Amino acid sequence: MKNPFSKLIPDETFELSMKRYDAFFNGEVYDRAPVCFTFWKNNPNAIRPEEKTYANHKDRWTDVEYRAKWADYQFDCTEFYADALPTYFPNLGPEIFSAICGCDYYFGPDTTWTTPNIIEWERDMDKAVINRSSEYFIALDNFVRELLKYSKDKFAVGFTDFHAGADHLAALRDPEILCMDLYDYPEFVKAKLASSYEEYYRLYEYFYNMMTLENEPTTGWINLVVNGRYNVTQNDFSCMISAKMFEEFFLPGLIQECEKLDRCIYHLDGPDAIKHLDMLLEIKKLNAIQWVCGAGNEGFYRWIKVYQRIQKAHKGIHLWVDIKELDDVFANLKPDGVWFSSISGVPNKEEADKVLARIRNWK
């Protein structure tokens, strides 16, 4: 793949990093585990957009022209070091797919949420479908197009945080009600899962074609870079249901998602979702796991057995650790399939080089 970041990343650095990421996706290691560091840099040529004020949060979120300009400025003022690559995803909140399918959408300072629009299955399920005239589809479409004006040879524009499958149904229906639906209306749940996945795949292809026509690689809200189809798979709703229900209703859709992608990583969210890990690790086309322990559960050491299970299954591991935890990582894992997406406590390139030397010697 031609270096799509040539304004910010030397060709040799890009080529070597991609070899490391390819090894990560295969649960292997090239010369060392990939590691990402970014540092702010003074750039007198960078054009900082003027500060703006907004009447409400929605106006701020949906001012995509300004957000694209701000993204471009940030890339001009960021040094990407080691294996860090410049990527940006057009974030319009975690339930944007459901908003495009008719849910009322609300914007807060840092996140968004919906209200359900399937109140009665028979009456409403066929109404909760993609509407390309939706203001939210138009906003997302415009956001991607604005970003592509700036991205050439500088950064990759990624997929937004599409929550397909169970999370989408939970937004359309309400999570607690959907739990009961698995018992009371299983036929409606399965039918809506199937039809909504088809909608999601069409939406994915629409944006994939838009971005790849601009010779962009594929990336997403987990900022891996792939030459081909890539995305994050997830099921945050799964923390509320048994392994049996997960296997019956949602595992088939996740398997299908993975099979349609060249590379994928699963976002495993919270201790109550760990009960599904073994089933996930059996998905042949699933390349990697991002384990998110949740607030109050932080710390690499307490989750060593989870990471070891992932590595034993020959899947990649997304790690975000503090520099003080590196010795525990080295003592309990092999470098095979590990990606340090971030190592906190590293203030500059000199300290980063010391960390890289330690990781290079990790066997």
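Is Leu-333 buried or exposed? Leu-333 is buried, with a relative accessible area of 4%. That comes from a predicted model, and the same goes for everything below.

## The whole protein

Let's start with the overall picture. The protein has 14 helices and eleven strands. Its radius of gyration is 21 Å, close to the 21 Å that the globule rule gives for 363 residues, so the protein is as compact as a globular protein of that length. If you want a box for the C-alpha atoms, one of roughly 60 × 50 × 35 Å along the principal axes will hold them.

Of the 363 residues, 55% count as buried. The accessible surface comes to about 16,700 Å², and carbon and sulfur atoms own 48% of that. Take the contacts with a separation of 6 or more: residues 24 or more positions apart account for 71% of them. On the charge side there are 42 positive and 57 negative charges, and their mean positions are 4 Å apart.

## Around Leu-333

Back to the residue we opened with. Leu-333 sits in the loop between helix H13 (326-332) and strand S11 (338-344). Setting aside residues up to four places away in sequence, Leu-333 touches Phe-300, Tyr-307, Gln-308, Gln-311, Ile-317, Leu-319, Val-338 and Trp-362.

For a sense of scale, pick Phe-162 as a reference point. Leu-333 and Phe-162 are 171 residues apart along the chain, and their C-alpha atoms are separated by 31 Å. Phe-162 also belongs to an aromatic cluster, which turns up again below.

## Aromatic pairs

A search of the whole structure finds 39 aromatic pairs. In one of them, the rings of Phe-237 and Phe-250 have their centres 5.8 Å apart and their planes at 80 degrees, so the pair is edge-to-face. Phe-237 lies in the loop between strand S7 (230-234) and helix H10 (243-259), while Phe-250 is in helix H10, so the pair ties together parts that are 13 residues apart in sequence. Phe-237 counts as buried at 4% relative accessibility, and Phe-250 does too at 3%.

Trp-291 and Trp-303 make another edge-to-face pair, at 5.1 Å centre to centre with 70 degrees between the planes. Here Trp-291 lies in strand S9 (residues 288-292) and Trp-303 in the loop between S9 and helix H12 (304-312), so this pair ties together parts that are twelve residues apart in sequence. Both Trp-291 and Trp-303 are buried. Then there's the cluster: Phe-97, Phe-137, Phe-159, Phe-162, Tyr-197, Tyr-200, Tyr-201, Tyr-204, Tyr-206, Phe-207 and Tyr-208 form one aromatic cluster.

## Helix H7 and Asp-167

How many residues of helix H7 (residues 165-173) are buried? Nine of the nine are, so H7 is largely enclosed by the rest of the structure. The buried residues include the charged Asp-167 and Arg-173, along with His-168 and Leu-169. Right after H7 comes Asp-174, whose phi is positive, near 105 degrees.

Asp-167 is worth a closer look. Asp-167 lies in helix H7 and counts as buried at 9% relative accessibility. Leaving aside its neighbours within four places in sequence, Asp-167 is in contact with Gln-234, Asn-235, Asp-236 and Phe-237. That last partner is the Phe-237 of the edge-to-face pair with Phe-250. As for Phe-250 itself, Asp-167 and Phe-250 are 83 residues apart in sequence and 10 Å apart in space, C-alpha to C-alpha.

## Val-35 and Asp-76

Val-35 is found in the loop between helix H1 (11-25) and strand S1 (36-40). Val-35 is buried, with a relative accessible area of 0%. Not counting neighbours within four places in sequence, its contacts are Tyr-81, Ala-82, Asp-83, Ala-84, Phe-340, Ile-343, Leu-356 and Ile-359. Cys-239 is 204 residues from Val-35 along the chain, and the two C-alpha atoms are separated by 30 Å.

Asp-76 has its place in helix H3 (residues 64-76). With a relative accessible area of 18%, Asp-76 is buried, given that the cut-off is under 20%. Apart from residues up to four places away in sequence, Asp-76 touches Lys-41, Asn-43, Ala-46 and Lys-154.

Notes. Residues are numbered from 1 along each chain as its sequence is written. This is a predicted model: local features need pLDDT of at least 70, side-chain atom pairs count only at pLDDT 80 or more; totals for chains, interfaces and linings use all residues. Side-chain values use heavy atoms; hydrogens and water are left out. Helices (H or I, at least four residues) and strands (E, at least two) are DSSP runs, numbered from the N terminus. The radius of gyration is taken over C-alpha atoms; the globule rule is 2.2 Å times the number of residues to the power 0.38. Buried means under 20% relative accessible area, exposed over 50%, partly exposed in between (1.4 Å probe, protein chains only). Contact means heavy atoms within 4.5 Å. Accessible areas come from the Shrake-Rupley method with a 1.4 Å probe; for residues, only the protein chains shown count as cover. The place of a charge is taken as NZ of Lys, CZ of Arg, CG of Asp or CD of Glu. Rings of Phe, Tyr and Trp (its six-membered ring) pair if their centres lie within 6.5 Å; planes under 30 degrees apart count as stacked, over 60 as edge-to-face and the rest as tilted.
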